[in-house]
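Student: Please take a close look at one part, the interface between the chains. Then place it in context.

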Amino acid sequence: MRSDRGQSAPLGLKIAAACGLLFLHLPILLIFVYAFTTEEKSFVWPPPGLTTQWFAVTWNRPDVWEALSLSVRVAAISTAIALVLGTLCAAAVSRTKFFGRETISLLVILPIALPGIITGIALRSAFSLADIPFSFWTIVLGHATFCVVVVYNNAVARFRRTSGSMIEASMDLGADGFQTFRHVMLPNIATALLAGGMLAFALSFDEVIVTTFTAGQQQTVPIWMLEELIRPRQRPVTNVVAMVVVLVTLLPILFAYYLTRDGDQIAGSGK
Amino acid sequence: MSVDVTMPRATAPAILPGSGGMRGTLSDLFWRRPQLLLLLMLLPPVLWLGIVYIGSLFALLAQSFFSIDEYSGLINRQFTLKTYGDLLQAANLDIILRTVTMAALVTLASAIVAFPIAYYAARYARGRWKALFYLGVMLPLWSSYLVKIYAWKLILAKEGILTWLFAKLHLLWILDAWLSLPVVGGNSLSVSFTGTFIVFVYVWLPFMILPVQAALERVPGNLVEASSDLGASPGQTFRNVLFPLALPGIVAGSIFTFSLTLGDYIIPQIIGTSRLFIGQAVYSQQGTAGNIPLAAAFTVVPIIIMGFYLWGAKRMGAFDAL
């Protein structure tokens with residue numbers, strides 16, 4: 001029969017899939033090459049020479065450090081808020097059925113389902129109506145709002161896989177609600193929360209659209225980059241920062257993948 | 001609120017004596033009254049999202065019914081539909097039409113590029129390769145949006161890689177011919193709609209691959225084999241079996257590619273011409289022009305378009321493929 005002709009993919013499909021993956025990855029790898037180029041003024045290819053001097057130049061730029069510090073602080077606080085709100089929401093939605101449950105799932109997803117510019121300008125117009133001046137906290141307010149969904153998604157998936165009978169067993173053995181949470185639930189959902197937190201951190205660290213509307217004069221790393229893209233001052237420094245940004249966001253993502261990859265081996269999932 | 005828990009609610013005296021102390025009392029209280037626990041769990045996230053997010057959306061909507069005084073530049077806080085009338089001016093309609101066309105083209109191209117990757121990952125990749133494919137889509141999806149745009153600036157710039165590549169292949173005349181075309185061309189790829197289009201497709205592509213892959217994974221392999229055993233050519237199998245079954249996934253992916261293109265203003269600002277997209281119009285109206293009502297009215301456009309889009313997608317069963 002025709003279907004017996006082997007289970008390997010047709011050559012055309014293999015090539016198309018490989019080209020697609022290359023298309024996704026080559027541009028990012030390119031950033032790494034440009035971080036070492038000796039050409040200062042333009043984007044000339046191939047690089048006329050390679051040097052590591054731009055790392056030293058970047059290291060000595062105070063504006064880069066200020067932007068980095070602001071980004072890390074915003075991402076850390078937003079992630080912390082998102083972890084609390086997202087976990088509470090996931091716990092409520094996954095354990096019980098109640099009126100309005102679907103509405104709440106929608107409410108959590110909406111801030112990233114609608115284009116970022118809508119979230120951004122909505123927050124900005126609310127700030128202006130309420131006379132709230134721009135500050136560190138206005139950025140956090142926006143970031144935490146769309147980070148909730150990442151934690152929520154990870155936590156809800158894990159809650160659904162964790163067996164309810166373990167909680168009942170814990171209660172039957174005399175543990176109170178807090179002990180059950182501390183010794184039974186928390187160890188089970190910990191890696192999912194860590195993964196969600198990592199992704200929320202990466203999301204916040206990278207966010208530019210909502211931030212442009214809520215930051216005022218402050219510069220996070222993406223805002224700094226955007227500024228450099230529109231009005232370039234020293235291109236090689238931008239190249240180096242871009243490479244660092246890739247590394248800072250990729251490592252948490254790889255780690256998050258590693259944490260959630262063995263999802264089937266969660267205790268109680270084999271019920 | 002009606003609560004459905006597995007244990008019967010204990011209205012009769014508990015069998016066990018109550019645990020002592022504040023913690024024990026609370027714990028017992030939550031066990032007897034699960035609604036109270038549920039309420040306490042839901043209160044913080046619902047308050048946060050309700051006040052910060054939904055509140056802001058209403059503030060935005062309210063602003064779109066204000067108008068701007070053309071002489072003083074101050075915002076007149078009185079209900080009017082004048083701002084929506086401004087939206088219908090030829091220049092503004094032009095912006096909306098341009099954005100929707102771009103979003104549609106980007107969606108179509110993403111679906112075409114995504115399909116082979118999704119199909120290979122769903123049907124042929126196993127074990128280590130499957131993980132590699134998954135990471136191969138997830139890493140670009142999560143890596144920095146601005147860095148990706150920046151990388152493309154390097155590629156598309158006049159002195160960048162693409163020009164170099166075309167020159168090496170002695171095909172520069174093709175590039176020049178394309179750039180001399182009226183709407184899609186320009187001085188270089190990085191200041192043309194072609195460039196904008198490529199970057200949009202690149203940046204949103206992973207959002208299309210994942211749902212299409214999810215949809216294809218649900219297609220049983222023997223369905224494809226049966227089709228080919230019954231004499232269908234690969235093309236016929238694709239048209240009559242695979243494509244209809246993958247369609248909900250494509251529609252689900254198109255929700256992202258379409259919506260994200262409608263709202264984006266960074267990509268067309270960095271790589272593109274001076275002709276505006278909706279996002280750029282919103283940004284410049286609220287920033288330099290100081291016309292927040294018109295900016296607000298502009299944002300209502302993608303919300304309404306996406307409302308209809310989601311309604312249509314739901315009817316096609318795309319939400320089950322998300």
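**The interface and its surroundings**

Tutor: The rule finds 0 salt bridges across the interface of chain B and chain A; a salt bridge is a side-chain nitrogen of Lys or Arg within 4 Å of a carboxyl oxygen of Asp or Glu. This is a predicted model: local features need pLDDT of at least 70, side-chain atom pairs count only at pLDDT 80 or more, and totals for chains, interfaces and linings use all residues. Residues are numbered from 1 along each chain as its sequence is written, chains are lettered from A and ligands numbered from 1 in the order in which they are written, and side-chain values use heavy atoms, with hydrogens and water left out.

Chain B brings 86 residues to the contact and chain A brings 88 (contact: heavy atoms within 4.5 Å). About 8200 Å² is buried between chain B and chain A, and carbon and sulfur atoms give 78% of that area. Buried area is the accessible area (1.4 Å probe) that two parts lose on being put together, summed over both. Tyr53(B), Trp142(B) and Tyr150(B) supply 10% of what chain B buries against chain A, more than any other three residues.

Now helix H5 of chain A, residues 116–129. Helices are DSSP runs (H or I, at least four residues), numbered from the N terminus. Of the 14 residues of H5(A), 10 are buried, so the helix is largely enclosed by the rest of the structure. Buried means under 20% relative accessible area, exposed over 50%, partly exposed in between (1.4 Å probe, protein chains only). Among the buried residues are Ile117(A), Gly120(A) and Phe127(A). Asp131(A) follows H5(A), with a positive phi near 55°.

Leu22(A) lies in helix H1 (residues 11–34) of chain A. Leu22(A) counts as partly exposed because its relative accessibility is 47%.

Definitions and conventions. Helices (H or I, at least four residues) and strands (E, at least two) are DSSP runs, numbered from the N terminus. The expected span of a helix is 1.5 Å times one less than its number of residues.
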